Amino acid sequence: MDLTAFGALTVSFPGVRGSTGDGPGRWSLHGRLIARQLGDHEVVIRTSFGHRSAMLRDDPGTFSVPRRFEKHMVVLADLEHGDPAAIENAVARAWQLQSEPG
């Protein structure tokens with residue numbers, strides 16, 4: 001999956017908007033983070049800590065958590081080498097998480 005495909009996937013969820021102007025891409029739902037671009041082939045995706053643990057266990061080639069993100073409710077996804085279906089599921093979970101009332 002490339003960044004263009006990731007962006008198209010992410011904005012396909014109701015209410016999600018993307019901004020990729022002059023800087024890294026960012027996708028959000030009513031101002032709440034869904035995903036953010038870190039590099040040409042990496043994005044962080046919002047997730048709960050419980051889902052993150054399962055993602056790391058089930059798809060270690062797709063997801064990781066660098067030390068700087070350990071305390072944050074995000075997971076790093078490798079778009080170039082990762083499993084597209086797992087990434088799509090992660091975006092769906094992020095959308096669901098951010099759709100829940102405050």
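In which sense, right-handed or left-handed, does α1 cross α3? In this predicted model, the crossing in which α1 passes α3 is right-handed. The two helices pack at an angle of about 40°, and their axes lie 10 Å apart. The contact is made by F6, L9 and T10 on the side of α1, and by I87, E88 and V91 on the side of α3.

The sheet against which α3 packs is an open one, formed by six strands in the order β1-β2-β3-β4-β6-β5, with antiparallel pairing. Its edge strands are β1, residues 16–19, and β5, residues 63–64, each of which pairs on one side only. At the β5 edge, two bridges join β5 to β6, which spans residues 74–78, and the two strands run antiparallel; within this pairing, F63 has A77 of β6 as its bridge partner. Helix α3, residues 84–99, packs on the sheet and touches β1, β2, β3, β4, β5 and β6, its direction making about 40° with that of β4. Helix α2, residues 49–58, lies across β5 and β6 and runs at about 30° to β6.

Towards the other edge, β1 and β2 pair in the antiparallel sense over four bridges, and β2 and β3 likewise pair in the antiparallel sense over four bridges. Residue S28, found in strand β2, takes part in both pairings, since its bridge partner in β3 is L33, while S28 is itself the bridge partner, in β2, of R17. With a relative accessibility of 16%, S28 counts as buried, and, residues up to four places away in sequence not being counted, S28 touches G15, V16, R17, L33 and I34. In the hairpin of β2 and β3, which has two residues between the strands, H30 takes a positive phi near 50°.

At the β6 side of the sheet, A77, placed in strand β6, is buried, with a relative accessible area of 0%. When neighbours within four places in sequence are left aside, A77 is in contact with H41, E42, V43, I45, T62, F63 and I87. The C-alpha atoms of A77 and A35 are 9.8 Å apart in space, the two residues being 42 residues apart in sequence.

The interior of the model includes a largest nonpolar core of 20 residues, in which F6, I34, V43, I45, F63, I87 and V91 touch the most other members. Two or more residues are given to this core by each of α1, β2, β3, β4, β6 and α3, and the largest share, five residues, comes from α3. The surroundings of I34 illustrate the packing in this region: leaving aside neighbours within four places in sequence, I34 is in contact with T10, V16, W27, S28, L29, V44, I45, R46, V91, A94, W95 and Q98. Another core, of five residues, lies apart from the largest one and has L33, V44, V74 and L76 among its members.

Two aromatic pairs are held in the structure. In one of them, F6 and W27 meet edge-to-face, at 5.2 Å centre to centre and with 80° between the planes. Because F6 lies in helix α1, residues 3–11, and W27 lies in strand β2, this pair ties together parts that are 21 residues apart in sequence. Both F6 and W27 are buried. The pair formed by F13 and W95 is tilted, with 6.1 Å centre to centre and 35° between the planes. F13 is in the loop between α1 and β1 and W95 is in helix α3, and the pair thus links distant parts of the chain, 82 residues apart. The two partners of this tilted pair fall into separate accessibility classes: F13 counts as buried because its relative accessibility, 16%, is under the 20% limit, whereas W95, with a relative accessible area of 24%, is partly exposed.

How values were computed. Residues are numbered from 1 along each chain as its sequence is written. This is a predicted model: local features need pLDDT of at least 70, side-chain atom pairs count only at pLDDT 80 or more; totals for chains, interfaces and linings use all residues. Side-chain values use heavy atoms; hydrogens and water are left out. Two strands pair if DSSP finds at least two bridges between them. Contact means heavy atoms within 4.5 Å. Axes are lines fitted to C-alpha atoms, for helices over the stretch in contact, and angles run from 0 to 180 degrees between N-to-C directions. Rings of Phe, Tyr and Trp (its six-membered ring) pair if their centres lie within 6.5 Å; planes under 30 degrees apart count as stacked, over 60 as edge-to-face and the rest as tilted. Buried means under 20% relative accessible area, exposed over 50%, partly exposed in between (1.4 Å probe, protein chains only). A nonpolar core is a set of buried Ala, Val, Leu, Ile, Met, Phe, Trp, Tyr and Cys residues joined through side-chain atoms within 4.5 Å. A crossing is left-handed if the near helix is turned anticlockwise from the far one by less than a right angle, and right-handed if clockwise.
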